[in-house]
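This report describes a predicted model of a protein with DNA. Please consult the sequence and the structure shown below while reading.

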Amino acid sequence: MDFFNSPVHSWYSLYKRDLPWRNTRNPYLIWLSEIILQQTRIDQGMAYYSRFAAEFPTISDLADAPEDQILKLWQGLGYYSRARNLHFTAKFIQQNYNGIFPDNYNTIRSLKGIGEYTAAAIASISFNLEYPTVDGNVYRVLSRFFGIADPIDTSSGKKTFNNLAIELIKGVDPGMHNQAIMEFGALQCTPKGPNCNQCPLKERCFAFLNQKITELPVKQNKTKQRDRHFNYLVLSHRNHTWIRKREGKDIWKNLFEFPFIETEDEISIEKLTTLTEFDRIISTTDQAIIENVSDWKIHILSHQRIHYRFVRIQLTDKINGTEDFIRVNKEDIFNFAVPKLLETYLNEYMKNV
DNA sequence: GAACCGTGGTC
DNA sequence: TGACCAAGGTT
């Protein structure tokens, strides 16, 4: 397999980026970087890594922090279960492993939030263990170079690529090798417009030699999106507003939000105020003045299209129907972790109140 | 095994 | 503009 490894390793030594987590083998920091970078571009995750590493230099710092603080620092990065699992596992390591990050693959793999890929990344980079990281970059590079048309999102396809990756990593520096292929995929063998003209693999690359660049890798499943409609009620009484923490299995778990009513479609404000849910949030409507109703906007998630709007409501008297909600000073709302669409709203509309 | 979980960049 | 996809994992 040297005809593949050797050019990629050489390319890596020449073109690898100087990234903060490449200057350490501290398993905690490698773990932190890998969780942040799951399904996330390096450009997007970089600032978050710096803030987390500065705020929580050790596992115990992370374990001792309240989840709300961690989610606030994670705000805007998405896939918030990563942050919750990161915190859970920090506490778990603190309690069960005396704060020492485990140094064998199976134990690392057993930790919450760490799957096959992340376990291999930590094991290879921090502990020099021979486990291949097979991420989106690796699927792309291997499928193109070796001409493998197995779908990368089926279990049999994953097995094929994983077996090949196991062969490739034998007898090389595991951490360097894994990062080399991923970096090669991220910078050279990109999804669209790969730099084939100056590619060190082009003389042996199946996809390049057979004009299959745009056809590899193969993906089978298509993602379906569903539409949802959120009517956020921004209540206002003197200097106060009301929020609550999201619970259950829905999106944005444990983040905060304004009370809202989910509807089947973009209903009128008149219909909205006739709903029993509306009365549950605002017990007596004659005490409420609707100040402003925003236009509907759309927030895109990986599997949902959230149609949302904000209904600003001035409460002229003390209200009774808000026991489920937390009353907060408007300026304090910035201390709570919120979904991106609420962060944007807060920055636009709540800054000067 | 399929569905679900966020956000931003790209063409 | 919509579809793809980015150092994936859990249920």
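How far is a phosphate oxygen of DNA strand C from a polar backbone atom of G136? The separation between a phosphate oxygen of DNA strand C and a polar backbone atom of G136 is 3.4 Å, where a polar contact is a pair of N or O atoms within 3.5 Å; within protein, one must be able to donate a hydrogen and the other to accept it, and residues adjacent in sequence count only if both atoms are side-chain atoms. The elements that contribute two or more residues to the surface near DNA strand C are α2 (27-37), α8 (116-127), α9 (136-146) and α11 (174-187). Helices (H or I, at least four residues) and strands (E, at least two) are DSSP runs, numbered from the N terminus.

This is a predicted model, in which local features need pLDDT of at least 70 and side-chain atom pairs count only at pLDDT 80 or more, while totals for chains, interfaces and linings use all residues. Residues are numbered from 1 along each chain as its sequence is written, chains are lettered from A and ligands numbered from 1 in the order in which they are written, and side-chain values use heavy atoms, with hydrogens and water left out.

**DNA strand C**

DNA strand C is surrounded by 25 residues, of which G113, T118, D135, N137 and P191 are the closest; a residue is near a strand if one of its heavy atoms lies within 4 Å of it. Sugar or phosphate supplies 62% of the atoms of DNA strand C within 4 Å of the protein, and bases supply the rest. By class, the surface near DNA strand C has nine nonpolar, seven polar and nine charged residues. Here Ala, Val, Leu, Ile, Met, Phe, Trp, Tyr, Cys and Pro count as nonpolar, Asp, Glu, Lys and Arg as charged, and the others, Gly among them, as polar.

**DNA strand B**

Around DNA strand B there are 22 residues, and R41, S155, W252, H299 and Q304 come nearest. Of the atoms of DNA strand B that come within 4 Å of the protein, 57% belong to sugar and phosphate. The surface near DNA strand B divides into eight nonpolar, 10 polar and four charged residues.

Polar contacts with the two strands include the following.

| Protein atom | DNA atom | Distance |
|---|---|---|
| G113, polar backbone atom | strand C, phosphate oxygen | 2.6 Å |
| G115, polar backbone atom | strand C, phosphate oxygen | 2.8 Å |
| L77, backbone N or O atom | strand B, base nitrogen | 3.4 Å |
| H299, side-chain N or O atom | strand B, phosphate oxygen | 2.7 Å |
| S302, polar side-chain atom | strand B, base nitrogen | 3.2 Å |

**Helix packing**

Helices α9 and α10 (residues 155-169) pack at about 85 degrees, with their axes 11 Å apart. Axes are lines fitted to C-alpha atoms, for helices over the stretch in contact, and angles run from 0 to 180 degrees between N-to-C directions. The two helices, α9 and α10, are therefore roughly perpendicular (65 to 115 degrees; under 35 counts as roughly parallel, over 145 as roughly antiparallel and the rest as oblique). Y139, L142, S143 and F146 of α9 meet K158, F161, L164, A165 and L168 of α10, contact meaning heavy atoms within 4.5 Å.

**Backbone geometry**

Most residues other than glycine have a negative phi, and most peptide bonds are trans. Q39, in the loop between α2 and α3 (42-55), has a positive phi of about 55 degrees. Q39 is exposed, with a relative accessible area of 71% (exposed is over 50%, buried under 20% and partly exposed in between, with a 1.4 Å probe and protein chains only). The peptide bond joining L216 and P217 is cis, with omega about 0 degrees.
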